[in-house]
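User: I would like a close look at a single part of this structure. Please keep the answer connected.

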Amino acid sequence: MTTFGSILCPVDHYLNLTTDEALRYALAFVRAYEAKLFVFYCADVIDPSKSPSLPATTGHLKEIVDSAINLYVPEIERPALIVECGIVPGDDVGEAITREARDRDIDLIVMGSRRRPLRAALLGSTAETVCRTAPCPVLVTHRQERGWVGMSTGEINLERLLVAYDFSEGSALALSHGLSLAQTYQSELHLLHVLPRLDETELEISWDEAAVEGAYHVAARRLQKSVPPEVHLWCKRVVNIVRWGKPYNEILEYAKENQIDQICMGAHGAGYRDSALFGSNTDRVLRQSPCPVLVARRA
């Protein structure tokens with residue numbers, strides 16, 4: 001079973017817009033796993049003008065974190081929390097987050113995403129960079145999405161988990177985390193595999209009905225075998241789905257249609273290198289997901 005003994009939550013100067021959301025989720029996991037929380041702000045020491053004055057000092061950062069604790073953690077639990085705050089120098093935030101996670105042997109990174117506009121998508125984002133380089137799973141949240149941590153109680157209510165599974169090592173790791181979370185919170189587990197849709201320009205032999213049906217059933221059987229039998233004993237429901245289309249599009253559509261609370265997926269799924277210029281499936285899901293996304297990769 002997955003355990004998170006140390007959690008990292010990087011913050012930025014958009015605290016009221018996104019980072020409070022990440023802190024709320026980080027604190028929920030800290031309480032659930034009795035973990036240590038490290039919160040840091042990355043300050044640009046080469047060009048100070050790039051680093052807004054908030055938070056300017058470790059003391060100021062601690063005040064912000066304490067405010068979040070007062071909001072999301074019951075008073076009786078606050079004395080038991082182990083929280084460390086710090087200002088970390090660096091001109092590359094993504095690199096700083098990965099470095100701190102590796103140096104501190106972090107088990108989970110929880111961070112917010114501002115979701116860059118489509119015209120800037122080719123440049124990527126800090127969240128996408130971290131998901132591709134972090135030595136541990138990364139939970140990415142966004143303020144305008146379906147949440148599963150109570151605003152007033154800070155309690156975790158994770159009812160429906162979707163694992164995007166393409167049979168790669170990264171997605172296998174994502175499935176492992178998804179199974180653990182589903183067991184811990186007695187959630188529904190939805191396992192989705194997407195087959196590429198046959199293009200109309202392909203040879204007619206590619207449209208052979210038996211071949212198409214065969215590919216579908218092979219994928220369905222592999223999905224079924226991926227979930228241990230005992231999972232059915234503690235999951236509310238296990239659903240295996242095979243769809244045709246573009247992976248990121250089918251993942252997003254399924255999540256919306258079924259009110260999924262969290263998506264779990266690998267950072268380097270099939271076709272990552274081929275689509276790098278236009279963003280991987282993981283990047284596209286991060287930019288448009290209707291719920292938080294947990295991204296796992298083989299370190």
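Leaving aside its neighbours within four places in sequence, which residues is R78 in contact with? Please describe where R78 sits as well, and then go on to strand β7.

Analyst: The model is a predicted one. In it, R78 lies in the loop that runs between α2 (58–72) and β3 (82–89). Once the neighbours within four places in sequence are set aside, R78 is in contact with I69, N70 and V73. R78 counts as partly exposed because its relative accessibility is 27%, and the range for that class runs from 20% to 50%. R31 is 47 residues away from R78 along the chain, and the C-alpha atoms of the two are separated by 9.4 Å.

Now to β7. This strand covers residues 188–195, and 8 of its 8 residues are buried. In a regular strand, side chains alternate between the two faces of the sheet. In β7 both faces are covered: one side carries E188, H190, L192 and V194, the other carries L189, L191, H193 and L195, and all of these are buried.

β7 has a pairing with β6 (residues 160–164), parallel and over 5 bridges. Within this pairing, L162 stands opposite H190 of β7. β6 and β7 also belong, together with helix α5 (residues 169–185), to a right-handed β-α-β unit. β7 pairs with β8 (residues 238–244) as well, again in the parallel sense, over 7 bridges. Here H190 stands opposite V239 in β8. H190 thus faces L162 and V239, and H190 is itself buried.

Notes:
Residues are numbered from 1 along each chain as its sequence is written. This is a predicted model: local features need pLDDT of at least 70, side-chain atom pairs count only at pLDDT 80 or more; totals for chains, interfaces and linings use all residues. Side-chain values use heavy atoms; hydrogens and water are left out. Buried means under 20% relative accessible area, exposed over 50%, partly exposed in between (1.4 Å probe, protein chains only). Helices (H or I, at least four residues) and strands (E, at least two) are DSSP runs, numbered from the N terminus. Two strands pair if DSSP finds at least two bridges between them. A crossover is right-handed if, with the strands pointing away from the viewer, the path from the first strand over the helix to the second runs clockwise. Contact means heavy atoms within 4.5 Å.
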